[in-house]
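I opened this one to see how its sheet is put together. These are my notes, in the order I looked things up.

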Amino acid sequence: MADEIVTGRVQSTSDESLLAATGKTWNEWFAVLDAADATGLKHPQIVGVLVEMHGVGAWWAQGITVGYEQARGMRMPGQRADGTFEVSASKAIDGSQAEALAAVIAVVSADLGAPASVSETAKYATARWKLDGRESLLATADPAKSGKTRVALTHQKMATHAQLAPAKEQAAEWLRSAADGS
């Protein structure tokens, strides 16, 4: 299995970046985890193998574990450890954190109503909308360079994989509208 081409994985980190950060490529990490019989382990246990036995930092261990779970059919792209699905879109928007978040809140609220919560005092300003069932939409504003703020919209706790593409498209549209001031 270790030499098999990875097909069910969303590759957001290149082999070069992973090698520079951890000393191994994706397939080398997959071989390590296959040798540890990681397909029979739960997510936190796989992370533990990487951190405790191989000295991988916690952030990288999470990413390698998700990639491995996707590659071995243990998790679909966009699927969280609890079985729900999540998708995000982000965009740099002109203005301060408060201004960018206010622009996104205005656009999203036109479709969904007012957010259930807003926090502007934390390091990253956020707003959250409660959606159907357990689902929610989280806006996070993170100061960027040159007078811009990176805003991410994350649709969380979706029940099915089929919801991912439409949710990402909607989030991207809201961010475009907020950036354009419409």
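**The β4–β5 pair**

I began with β4 and strand β5 (residues 148-158), which pair in the antiparallel sense over eight bridges. For the record, helices (H or I, at least four residues) and strands (E, at least two) are DSSP runs, numbered from the N terminus, and two strands pair if DSSP finds at least two bridges between them. I looked up L137 and found its bridge partner in β5 to be H155. The two strands form a hairpin with four residues between them, and in that turn I noted S146 with a positive phi of about 50 degrees.

**What I am reading from**

This is a predicted model, where local features need pLDDT of at least 70, side-chain atom pairs count only at pLDDT 80 or more, and totals for chains, interfaces and linings use all residues. Residues are numbered from 1 along each chain as its sequence is written, and side-chain values use heavy atoms, with hydrogens and water left out.

**β3 against β4**

Next I checked strand β3 (residues 125-130), which pairs with strand β4 (residues 136-143) in the antiparallel sense over six bridges. I picked out three pairs here: R128 stands opposite L138, W129 opposite L137, and K130 has S136 as its bridge partner. Their hairpin has five residues between the strands, and G133 takes a positive phi near 60 degrees.

I also looked at the two faces of β3. A125, A127 and W129 make up the covered face, while T126, R128 and K130 are on the uncovered one.

**T140**

Is T140, in strand β4, buried or exposed? Neither quite: it counts as partly exposed because its relative accessibility is 21%, where buried means under 20% relative accessible area, exposed over 50%, and partly exposed in between (1.4 Å probe, protein chains only). Leaving out residues up to four places away in sequence, I find T140 touching Y124, A125, T126, R150, V151 and A152; contact means heavy atoms within 4.5 Å. I also looked at E120, 20 residues from T140 along the chain, and the C-alpha atoms of the two are separated by 10.0 Å.

**β2 and the whole sheet**

Strand β2 (residues 117-119) pairs with β3 in the antiparallel sense over three bridges, with S119 opposite T126. These two form a hairpin with five residues between them.

Putting it together, I get an open sheet of five strands in the order β1-β5-β4-β3-β2, with antiparallel pairing. β1 (85-94) and β2 stand at the edges with a single partner strand each, so one side of each is left without a neighbour in the sheet. The twist averages 15 degrees from one strand to the next; axes are lines fitted to C-alpha atoms, for helices over the stretch in contact, and angles run from 0 to 180 degrees between N-to-C directions.

**The helices**

Last, I looked at what lies on the sheet. Helix α5 (residues 97-112) lies across β1, β2, β3, β4 and β5, running at about 10 degrees to β3. Helix α6 (residues 164-180) packs on the sheet too, touching β1, β4 and β5, and its direction makes about 15 degrees with that of β1.
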